[in-house]
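Here is a short briefing to read with the structure open beside you. Take a look at the model, then follow the notes below by topic.

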Amino acid sequence: MPQHTFILNGKAVTAEVEDDVRLLWVLRDVLGVTGPKYGCGVGVCQACTSHLNGRAFTPCSVPVKDLAPADEVTTIEGLPATVGRDLHPMQEAWLDIDVAQCGYCQPGQIMTAVAAVRRAHEAGREVDEADLDQIRNICRCGTYNRIREAIKEGARRMV
């Protein structure tokens, strides 16, 4: 069986799986990383959103063969380490605003939010309403107003 090596949350990992296995299943079933959630399997709901080399992506739609050994995958479990704290500022904002109801989509929501804020900062600006309007993560509980509020607060804390 083929071996696939990449960096997961700061550490090199190797998974022995077939080339066409989606990364979400490698993360969850082989490597035991359960933060990215299965929602749709086709990248629409974005419950599994994680970061690949610092950019948001949906591991449910990426075959593990597409990763190179130097590729860095960050899941919600590894997000705090990117800032050297127990919680990332966006996670702190999420808790302070009391966003979650069921919580299922929250890891993907937070990972998407962090990526959106980073993109805005890279462009030399703050996250704005247009950035928030482009976020397409699905929340079945409908906490979108609190999600938007938390993203704005998290963005202030990420400076």
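Ile 97 counts as buried at 19% relative accessibility, where buried means under 20% relative accessible area, exposed means over 50%, and partly exposed lies in between (1.4 Å probe, protein chains only). Please keep in mind that this is a predicted model, in which local features need pLDDT of at least 70 and side-chain atom pairs count only at pLDDT 80 or more, while totals for chains, interfaces and linings use all residues. Residues are numbered from 1 along each chain as its sequence is written, and side-chain values use heavy atoms, with hydrogens and water left out.

**Around Ile 97**

- Ile 97 belongs to helix H2; helices (H or I, at least four residues) and strands (E, at least two) are DSSP runs, numbered from the N terminus.
- Not counting residues up to four places away in sequence, Ile 97 touches Arg 146, Glu 149, Ala 150 and Glu 153, contact meaning heavy atoms within 4.5 Å.
- Val 17 is 80 residues from Ile 97 in sequence, and their C-alpha atoms are 40 Å apart in space.

**Salt bridges**

- How many salt bridges does the count come to? The count is eleven, taking a salt bridge as a side-chain nitrogen of Lys or Arg within 4 Å of a carboxyl oxygen of Asp or Glu.
- Asp 96 and Arg 157 meet through their side chains in a salt bridge, at 2.7 Å from N to O. This pair links distant parts of the chain, with Asp 96 in helix H2 (residues 89-97) and Arg 157 in helix H5 (residues 144-157), 61 residues apart.
- Asp 96 is exposed, at 55% relative accessible area, whereas Arg 157 is partly exposed at 28%.
- Lys 152 and Glu 129 form a salt bridge at 2.6 Å, N to O. Here too the pair links distant parts of the chain: Lys 152 lies in helix H5 and Glu 129 in helix H4 (residues 129-134), 23 residues apart.
- Lys 152 is partly exposed at 32% relative accessibility, and Glu 129 is partly exposed at 38%.
- Asp 96, Glu 153, Arg 156 and Arg 157 are joined into one network by salt bridges that share partners.
- Asp 66 and Lys 65 form a salt bridge whose closest N and O atoms are 3.4 Å apart. Asp 66 is partly exposed, with a relative accessible area of 47%, and Lys 65 is partly exposed at 48%.

**His 51 and its surroundings**

- Is His 51 buried or exposed? With a relative accessible area of 1%, His 51 is buried.
- His 51 sits in strand S3 (residues 50-52).
- A polar atom of the His 51 side chain lies 2.7 Å from the backbone oxygen of Met 111.
- Leaving aside neighbours within four places in sequence, the contacts of His 51 include Ala 56, Phe 57, Glu 72, Val 73, Thr 74 and Leu 79. Met 111, Val 114, Ala 115 and Arg 118 are also among the residues in contact with His 51.

**Helix H3**

- Helix H3 (residues 106-122) has 17 residues and spans 24 Å from its first C-alpha to its last, close to the 24 Å expected at 1.5 Å a residue. The expected span is 1.5 Å times one less than the number of residues in the helix.
- Of the 17 residues of H3, 13 are buried, so the helix is largely enclosed by the rest of the structure.
- Gly 124, just after H3, takes a positive phi of about 80°.

**Cysteines**

- A search of the whole structure finds zero disulfides, a disulfide being a pair of cysteine sulfur atoms within 2.5 Å.
- Cys 105 is in no disulfide, and the nearest cysteine sulfur, that of Cys 139, is 3.9 Å away. Cys 105 is buried, at 8% relative accessibility.
- Why is the sulfur of Cys 141 not in a bond with that of Cys 102? The sulfur of Cys 102 is the closest cysteine sulfur to that of Cys 141, but at 3.7 Å it is too far for a bond.
- Cys 141 is partly exposed, with a relative accessible area of 31%.

**Ser 61**

- Ser 61 is found in the loop between strand S4 (55-57) and strand S5 (72-74).
- Ser 61 is partly exposed, at 33% relative accessible area.
- The C-alpha atoms of Ser 61 and Arg 146 are separated by 28 Å, and the two residues are 85 residues apart along the chain.

Terms used
A polar contact is a pair of N or O atoms within 3.5 Å; within protein, one must be able to donate a hydrogen and the other to accept it, and residues adjacent in sequence count only if both atoms are side-chain atoms.
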